[in-house]
Amino acid sequence: MATNPMHQFNVYRIGPEIKIDQIDISFTNASLFMVISSLIILIIFNLGSVKKNIIPNKIQLLAELSYTFISKMISDTAGSKGKPYFGFIFSLFMFVLFCNMLGMLPYAFTVTSHIIVTFVLAAFIFIGVTVIGFLKHGLGYLKLFVPSGVPIVLLPLIVVIEVISYLSRPISLSVRLFANMMAGHTMMKVFGGFVISLGLVGGWLPLGFSVALTGLEILVAFLQAYVFAILTCIYLNDALNLHH
Amino acid sequence: MHKKLVLYLLLSIIAFFSNVYGAESQGMPQLNPEFWVSQIFWLILTFGFLLVILSKFILPKISNNLELRKSQILENIETAEKQKIESENKIKEYETLINNSKNEARNYFNEARKKIIQDIDKKREKIEEEINLEIKNAEKEIVELKKSSPEKINKIATETSAQLIKQLIGEEINNSSISAIVEDLSKKNKGKYYGN
């Protein structure tokens with residue numbers, strides 16, 4: 001294992017090369033961690049939903065707390081109209097959260113530290129939200145770019161800004177998650193490298209930093225999943241309840 | 001600000017390390033498109049699988065559980081309130097019962113006391129009557145005795161005096177003379193011995 005802090009982000013093939021029409025869809029370490037986090041989520045929530053105790057046991061409590069947490073988040077931001085999208089936002093939050101958290105394990109691969117993964121998620125959300133907006137409001141959805149109460153002189157400028165900010169949503173959404181994950185993990189690796197290179201004498205300070213960063217990274221892992229989900233809710237809210 | 005700072009730091013670190021380990025690193029692996037399609041494919045596969053299973057099978061169960069619990073708790077609260085009202089009613093009933101029975105008991109007790117007192121009074125009256133009767137009878141007897149006693153005493157006195165005289169003198173004296181003397185004496189002393 002090299003001390004290159006970016007080495008942890010390398011994607012490599014596991015098992016045979018799978019090709020469909022010259023397109024490489026081989027199973028990689030990234031795929032492995034996607035599968036692992038999906039399976040962990042499914043196992044936890046399946047265990048949490050099997051029993052129907054009036055007084056829940058620990059895993060049931062966990063599942064039900066997550067359920068109420070997400071459903072409260074959706075109803076707070078998108079209102080009651082956001083209910084049909086609960087399943088998607090719940091899966092999204094859990095997937096991002098577990099990918100982030102699994103990345104905190106030593107030698108694990110962080111799925112969400114790859115721009116392509118976060119970008120696909122963000123692009124899917126962007127396209128979905130836009131489609132929902134046009135389906136719900138027709139061309140009236142374009143009013144989103146025309147805020148009410150703006151002087152007519154400023155309107156062309158405002159509309160351009162609004163369109164740009166709308167179009168940059170998938171980029172900001174994906175880059176936020178990807179950059180946070182990558183930066184955090186790189187920092188940890190760098191400090192880990194310092195511990196080794198400074199040895200027994202000076203290694204204690206970076207070790208302390210490493211410990212503190214681990215805590216911070218766990219916080220960031222949760223926070224970024226939360227931010228990702230809540231921004232999705234906010235975009236969804238824009239599409240469902242046109243306020244402008 | 002912070003994010004920018006972190007990014008600058010990151011970039012400088014990356015630059016530093018890519019200089020040091022330039023031989024083996026090819027920059028950011030994230031920007032290497034070799035496995036992009038694979039990542040997209042597996043992301044869609046796993047996330048789609050997760051989404052379908054979660055929203056079709058698991059989340060409805062959790063929401064059912066939550067609803068069930070809510071309704072059951074509401075039911076329990078309702079029944080608890082019902083039972084509370086029932087128990088309050090029962091307590092009231094019980095209290096009225098207790099009060100009634102206390103009153104009854106008091107009535108019974110009073111009646112019984114009255115009866116007993118009446119009984120006792122009756123018996124006492126009866127006994128008093130009997131006693132009075134007896135006293136009257138006794139008084140009558142005493143009066144009769146009183147009436148008859150002087151004659152008897154006189155008789156006894158005559159007899160005893162006759163015998164005394166006989167003993168003293170050795171001669172018999174006529175009874176009639178003695179009785180005359182005795183009667184004479186008794187008449188003289190009537191007030192002394194049978195003073196009424």
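Of the contacts in chain A between residues at least 6 apart in sequence, 64% link residues at least 24 apart. That is a figure for a predicted model, and it belongs to a chain with seven helices and two strands. The two strands come at the N-terminal end and the helices follow, in the order β-β-α-α-α-α-α-α-α. Along the principal axes, the C-alpha atoms of chain A take up a box of roughly 65 × 55 × 45 Å. Of the 244 residues in chain A, 37% are buried.

Chain B reads quite simply. Its elements are four helices and zero strands, running α-α-α-α from the N terminus. Buried residues account for 8% of its 196 residues. Helix H3 of chain B, residues 175-188, fits that picture: just one of its 14 residues is buried, leaving the helix hardly covered. As for its length, H3(B) reaches 20 Å from first C-alpha to last, close to the 20 Å expected at 1.5 Å a residue.

Now to where the two chains meet. Chain A puts 42 residues into the contact and chain B puts in 38. On the chain B side, the elements that supply two or more residues are helix H1 (2-20) and helix H2 (36-169). H2(B) gives the most, with 26 residues. Sorted by class, the chain B side that touches chain A holds 26 nonpolar, nine polar and three charged residues.

H2(B) also has a stretch worth a look in terms of spacing. Ser101(B) sits in this helix, and it counts as exposed because it has 10 C-beta neighbours inside 10 Å, where a residue with 12 or fewer is called exposed. Ser101(B) and Ile73(B) are 28 residues apart along the chain, and their C-alpha atoms are separated by 41 Å.

Back in chain A, helix H3 (residues 86-102) has 17 residues and spans 24 Å from its first C-alpha to its last, close to the 24 Å expected at 1.5 Å a residue. With 13 of those 17 residues buried, H3(A) is largely enclosed by the rest of the structure. The helix also matters to the count of the largest nonpolar core, giving eleven residues, the largest share. That core has 65 residues, and the members touching the most others are Ile89(A), Phe93(A), Phe95(A) and Val96(A). Elements giving two or more residues to the core are H1 (29-50), H2 (58-77), H3, H4 (115-137), H6 and H7 (204-240) of chain A, together with H2 of chain B. As a rule, nonpolar side chains in soluble globular proteins tend to be buried together.

Phe95(A) shows the two chains coming together at one residue. Setting aside neighbours within four places in sequence, Phe95(A) is in contact with Ser37(A), Ser38(A) and Ile41(A), and also with Phe47(B) and Leu50(B) from chain B.

Helix packing within chain A can be followed through H2(A) and H7(A). Their axes are 9 Å apart and make an angle of about 35°, and the crossing is right-handed. From H2(A), the residues involved are Met73(A), Ile74(A) and Thr77(A), which meet Ala229(A), Ile230(A), Cys233(A), Ile234(A) and Asn237(A) in H7(A). By class, this contact has six nonpolar and two polar residues, and no charged ones.

Two more residues of chain A round things off. Phe194(A) lies in helix H6, residues 169-202. It counts as partly exposed because 17 other C-beta atoms lie within 10 Å, short of the 20 or more that a buried residue needs. Phe194(A) and Leu207(A) are 13 residues apart in sequence, and their C-alpha atoms are 8.2 Å apart in space. Tyr107(A), by contrast, is found in the loop between H3 and H4 of chain A. Although not a glycine, Tyr107(A) has a positive phi of about 70°. It is exposed, with 6 other C-beta atoms within 10 Å.

Terms used:
Residues are numbered from 1 along each chain as its sequence is written. Chains are lettered from A and ligands numbered from 1 in the order in which they are written. This is a predicted model: local features need pLDDT of at least 70, side-chain atom pairs count only at pLDDT 80 or more; totals for chains, interfaces and linings use all residues. Two residues are in contact if their C-beta atoms, placed from the backbone, lie within 7 Å. Ala, Val, Leu, Ile, Met, Phe, Trp, Tyr, Cys and Pro count as nonpolar, Asp, Glu, Lys and Arg as charged, and the others, Gly among them, as polar. The expected span of a helix is 1.5 Å times one less than its number of residues. A nonpolar core is a set of buried Ala, Val, Leu, Ile, Met, Phe, Trp, Tyr and Cys residues joined through C-beta atoms within 7 Å. Axes are lines fitted to C-alpha atoms, for helices over the stretch in contact, and angles run from 0 to 180 degrees between N-to-C directions. A crossing is left-handed if the near helix is turned anticlockwise from the far one by less than a right angle, and right-handed if clockwise.
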